[in-house]
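User: I am new to this model and would like a close look at a single part of it, with its surroundings. Please start from one residue and work outwards from there.

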Amino acid sequence: MIDIRKSNQRGHANHGWLDTSHTFSFAGYYDPKHMGFGALRVINEDRVSPSRGFGSHGHQDMEILTYVLSGALAHKDSMGNVETLRANDLQRITAGTGIVHSEFNGSRTEPVHFLQIWLQPAANGLPPSYQQLSLTEEQKLGKLVLVASPQGGGPVKIHQDVQVLIGQVEVGRQLAYPLEPGRQAWVHVVRGAASVNNESLATGDAAAITGEPAVTIAGIDPNTEVLVFDLA
């Protein structure tokens with residue numbers, strides 16, 4: 001079964017300095033039918049104006065992934081990490097027992113565009129930790145790259161039974177990802193357009209896939225990128 005979540009069905013708010021869309025209930029947006037999908041709790045698509053951002057704020061007991069699509073995102077946290085993430089950079093924070101961080105647009109002239117993803121960890125009270133991964137366009141082209149998984153899997157470790165993959169699919173080409181029995185998938189179109197299990201999706205659209213043997217992604221637009229979450 002495939003259930004489509006269109007981009008324009010997401011929660012949306014424009015605060016002037018921040019234009020944000022929420023796939024699942026978040027902040028002032030509440031929809032009891034869209035509280036999450038398995039351990040996947042948040043997918044926020046944020047655009048932040050130059051020299052603006054989120055001041056110091058805390059998180060606890062959450063796995064936080066940030067994937068920068070364009071621009072520069074300046075990050076600082078209570079673990080001592082001071083980084084600037086750019087396009088194709090992926091950051092993972094295990095909030096665990098508690099962290100404080102800030103996120104600002106690192107440019108005075110250009111907006112920053114990024115996805116922030118929250119996954120509920122398998123256990124609470126973990127020690128806070130940080131990882132960062134830089135991808136290239138070449139690494140993603142024509143394949144689904146495993147970028148995050150539990151220990152022993154992808155290059156970024158997350159403390160939950162979830163595999164996270166990023167890939168770019170060319171027009172007329174197809175990417176296939178098998179699902180083990182009892183597994184389900186969430187597919188988010190980062191940019192472009194694709195057919196996912198024979199359903200057409202555009203930028204910002206997503207699909208929940210359950211009870212299927214595989215995820216099949218066919219390219220429709222020449223500039224298509226997708227995020228795939230393989231969940232228990």
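Analyst: With a relative accessibility of 0%, Ala207 counts as buried (buried means under 20% relative accessible area, exposed over 50%, and partly exposed in between, with a 1.4 Å probe and protein chains only). Before going further, please note that this is a predicted model, in which local features need pLDDT of at least 70 and side-chain atom pairs count only at pLDDT 80 or more, while totals for chains, interfaces and linings use all residues. Residues are numbered from 1 along each chain as its sequence is written, and side-chain values use heavy atoms, with hydrogens and water left out.

Ala207 belongs to strand E20, where strands are DSSP runs of E with at least two residues, numbered from the N terminus. Although 205 residues separate Ala207 from Ile2 in sequence, their C-alpha atoms are 6.3 Å apart in space. Contact here means heavy atoms within 4.5 Å, and, with neighbours up to four places away in sequence set aside, Ala207 is in contact with Ile2, Asp3, Ile4, Ala185, Trp186, Val187, Val196 and Leu201.

One of those contacts, Trp186, leads into the largest nonpolar core, a set of 29 residues in which Leu40, Val147, Val164, Trp186 and Phe229 touch the most other members. Such a core is a set of buried Ala, Val, Leu, Ile, Met, Phe, Trp, Tyr and Cys residues joined through side-chain atoms within 4.5 Å. The elements that give two or more residues to this core include E20, strand E17 (184-191), strand E4 (40-48) and strand E22 (224-231). Leu40, with residues up to four places away in sequence not counted, touches Phe24, Ile117, Trp118, Leu119, Trp186, Phe229 and Leu231. Apart from the largest core lies another one, of 18 residues, with Leu175, Leu179, Ala194 and Ile209 among them.

Trp186 also takes part in ring pairing, and the count of aromatic pairs comes to four; rings of Phe, Tyr and Trp (its six-membered ring) pair if their centres lie within 6.5 Å, with planes under 30 degrees apart counted as stacked, over 60 as edge-to-face and the rest as tilted. The ring centres of Trp17 and Phe54 are 5.3 Å apart and their planes stand at 70°, so this pair is edge-to-face. Because Trp17 lies in the loop between strand E2 (11-14) and E3, while Phe54 is in strand E5, the pair ties together parts that are 37 residues apart in sequence. Phe54 itself, at 21% relative accessibility, counts as partly exposed. For Phe37 and Trp186, the ring centres are likewise 5.3 Å apart, but the planes are at 50°, so the pair is tilted. This second pair links distant parts of the chain, since Phe37 is in the loop between E3 and E4 and Trp186 is in strand E17, 149 residues apart. Both Phe37 and Trp186 are buried, and ring pairs join Phe24, Phe37 and Trp186 into a cluster.

Strand E17 also holds His188, which counts as buried at 1% relative accessibility. His188 and Ala202 are 14 residues apart in sequence and 9.4 Å apart in space, C-alpha to C-alpha. Beyond four places in sequence, His188 touches residues that include Arg10, Ile43, Leu115, Asp205, Ala206 and Glu225.

Tyr67, in strand E6, is buried too, with a relative accessible area of 1%. Leu115 and Glu225 are among the residues that Tyr67 touches, as are Asn88, Leu135 and Ile166, again without those up to four places away in sequence.

A contrast to these buried residues is Asn198, which lies in the loop between strand E18 (193-196) and strand E19 (199-202) and, at 76% relative accessibility, counts as exposed. Asn198 is not a glycine, yet its phi is positive, near 70°.

Note on methods. Helix = DSSP H or I, 4+ residues; strand = E, 2+ residues; numbered from the N terminus.
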